[in-house]
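Trainee: Could you take me through one part of this model up close? I'd like to hear about a helix pair, and then whatever else you think goes with it.

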Amino acid sequence: MSDTRQATLSPTQRAGSRKVFIKTYGCQMNVYDSQRMGDALAGGGYVTTEAMEEADLVLLNTCHIREKAAEKIYSELGRIRVMKAERAAAGKDLRVAVAGCVAQAEGREIIARAPVVDLVIGPQTYHRLPQALSRVEKGERVVETDYAVEDKFEHLPKAGKREIGARGVTAFLTVQEGCDKFCTFCVVPYTRGAEVSRPLAQILDEARRLADAGVREATLLGQNVNAWHGEDAGGRPIGLGGLLHALAEIPGLDRLRYTTSHPRDMDDELIAAHRDLPQLMPYLHLPVQSGSDAILKAMNRRHTGEDYLRLIERIRAARPDIALSGDFIVGFPGESEADFEATMRLVEAVGYASAFSFKYSPRPGTPGAELAGHVDEAVKSERLARLQELLRRQQLAFSESLVGQKLSVLVEKPGRRPGQIVGRSPYLQPVVMDENAGSVGDVVTVEIAGAVANSLIALGASDARSALTGGPVAA
């Protein structure tokens, strides 16, 4: 931490006697951001707590992707208002901050609607948390939602080895932020801004610190992660495939993943990385959103269903055992039954190992919200149920196909019951194992004895079956 930041801290903060409770909503990047905000606050003397009632600072790190996201935050703030009033009656302070994408979208509206809030700070300015809180302590109500000119990652304090190690043997690593695609349903370009790629050296430095602290698997994050671009040590341009090759050379970092991708940015270099890098797990989240060309055009996706299927063929040619995941939006404005059936045919053609599917909900300020032909809610619900049933069957079929196979599994934590441990398969499924299979941080090879839609059970983990499923297991 710089001398300037130290100067902004109060004596109480320096004493390390304050606690912060951070509640994270939404995506994996928000999880990463919450960790980094915790790092920034640690430099200001705050320690994290899992109990809101213990906190001197409550920080809500928000997501604006889903419908009524802002209203959920205002509801939570209403509950916090009661707690803050009780604290004040006892002569004690409680500071309240709202961060993340709702903070960026709502800005001063949050301060106006929720007097309980002391600080509103956007996802591009949270490195300024210590200074902003210093202003709050002087009586200001602060809104920091301007896009920062400076690189926030350069200004964030580096987490210590002990702090990283306490988070587990897997870690998120943001490499890219923002999006320039402007899909008509999406708020990301408005809340996260234009696409920005972190420099290669900065990413490698953070990755080395993760590996040194015992992290064995890193998931690279970006709103449009495969749009990442930079320069190698020789000044030559590289994309995400080149970044993955550089990360694969770091000792101890045995597994690599990345999310979320856009079909238009799956270039030859990245596809080849799936073929050539054993560290890159055979799992790819590649959202398509719809199988209808008319709906894809209305969404401004700039690819067709056939483009997507040809891309899947190229990826599977490079890595035949790859498992695919996707995102689907049902009931986008103008979607007919024929459009929906095109989505069902695409899903049948691909065969997904997992997927996320949602009813379309208008996001204020996006072009999709202004389109004609909004689909009736009952129709959306019926279509979503049909799609999810198909996806559920595909997911279960994929899991069942692994029974009898030997898989490498990264051991992550103890299981729910004595004698169990839980790890993660190459395909991102939880795997329940006998505790003798290995220790946390080990990559072990186990034979899969049973499967459910979301999890696998290793040979010898018989007690895990009933504990995990409460019902029948494919075997």
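Mentor: Here's a look at a helix pair, followed by the cysteines and one strand residue. Keep in mind that this is a predicted model.

Let's start with helix α15, residues 305-318, and helix α16, residues 337-350. Their axes come within 11 Å and cross at roughly 10 degrees. That angle is under the 35 degree cut-off, so α15 and α16 run roughly parallel to each other. On the α15 side, the contact is made by Gly305, Tyr308, Leu309 and Arg316, while α16 brings in Leu346, Ala349 and Val350. Sort the residues of that contact by type and you get five nonpolar, one polar and one charged.

Now the cysteines. A disulfide needs two cysteine sulfurs within 2.5 Å, and by that rule the count is zero. Take Cys63: the closest cysteine sulfur to its own belongs to Cys27, 5.6 Å away, which is too far for a bond. Cys183 has a similar story, with the sulfur of Cys186 as the closest one at 6.2 Å, again too far for a bond. Both residues are tucked away from the probe: Cys63 has 16% relative accessibility and counts as buried, and Cys183, at 8%, counts as buried too.

Last stop is Thr219, which sits in strand β10, residues 217-221. With 10% relative accessibility, Thr219 is buried as well. Leaving out residues up to four places away in sequence, Thr219 touches Ala171, Phe172 and Leu173, along with Arg257, Tyr258 and Thr259.

Conventions:
Residues are numbered from 1 along each chain as its sequence is written. This is a predicted model: local features need pLDDT of at least 70, side-chain atom pairs count only at pLDDT 80 or more; totals for chains, interfaces and linings use all residues. Side-chain values use heavy atoms; hydrogens and water are left out. Axes are lines fitted to C-alpha atoms, for helices over the stretch in contact, and angles run from 0 to 180 degrees between N-to-C directions. Helices (H or I, at least four residues) and strands (E, at least two) are DSSP runs, numbered from the N terminus. Angles under 35 degrees count as roughly parallel, over 145 as roughly antiparallel, 65 to 115 as roughly perpendicular and the rest as oblique. Contact means heavy atoms within 4.5 Å. Ala, Val, Leu, Ile, Met, Phe, Trp, Tyr, Cys and Pro count as nonpolar, Asp, Glu, Lys and Arg as charged, and the others, Gly among them, as polar. Buried means under 20% relative accessible area, exposed over 50%, partly exposed in between (1.4 Å probe, protein chains only).
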